[in-house]
Amino acid sequence: MSRIGKAPISIPQGVTITVSNENLVTVKGPKGELSQSIDPDFSVVIDNGVMTVNRPSDSKQHRSLHGLYRSLLNNLVVGV
């Protein structure tokens with residue numbers, strides 16, 4: 001799963017992403033708006049049209065959730 005979590009997510013034109021203080025990621029696009037809350041330990045970084053999910057440690061739980069959250073956020077971007 002760590003290989004999936006490390007993969008960057010490219011953000012297409014017309015899609016805007018906001019991350020709140022409570023780690024609620026909201027994705028708006030031409031097809032609508034979707035949101036997903038993620039574990040507060042994880043950080044979401046948006047830079048130059050690319051979104052990455054960073055995990056705080058290499059513990060088993062963080063490694064397994066890293067790929068999950070990256071896949072969920074990618075599905076949000078694809079869905080809108």
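Three short exercises with worked solutions follow.

This is a predicted model, where local features need pLDDT of at least 70, side-chain atom pairs count only at pLDDT 80 or more, and totals for chains, interfaces and linings use all residues. Residues are numbered from 1 along each chain as its sequence is written, and side-chain values use heavy atoms, leaving out hydrogens and water.

**Exercise 1.** Find which strands form the open sheet, and place H2 against it.

Solution. Take helices (H or I, at least four residues) and strands (E, at least two) as DSSP runs, numbered from the N terminus. Strands pair if DSSP finds at least two bridges between them. The order is S1-S6-S5, with antiparallel pairing. Strand S1 (9-10) and strand S5 (43-47) are the edges. S5 and S6 share 5 bridges. One of the bridge partners is Val50 in S6, facing Asp47.

**Exercise 2.** Identify the residues that touch the most other members of the largest nonpolar core.

Solution. A nonpolar core joins buried (under 20% relative accessible area, 1.4 Å probe, protein chains only) Ala, Val, Leu, Ile, Met, Phe, Trp, Tyr and Cys residues through side-chain atoms within 4.5 Å. This core has 17 residues; Ile17, Val27, Met51 and Leu73 touch the most other members. H2 gives the most, 5 residues. Beyond four places in sequence, Leu73 contacts (heavy atoms within 4.5 Å) Ile9, Val25, Gln36, Val44, Met51 and Val53.

**Exercise 3.** Locate the salt bridge.

Solution. Search for a Lys or Arg side-chain nitrogen within 4 Å of an Asp or Glu carboxyl oxygen. The whole structure yields 1. Arg55 and Asp58 form it, at 2.9 Å, N to O.

How values were computed:
Buried means under 20% relative accessible area, exposed over 50%, partly exposed in between (1.4 Å probe, protein chains only).
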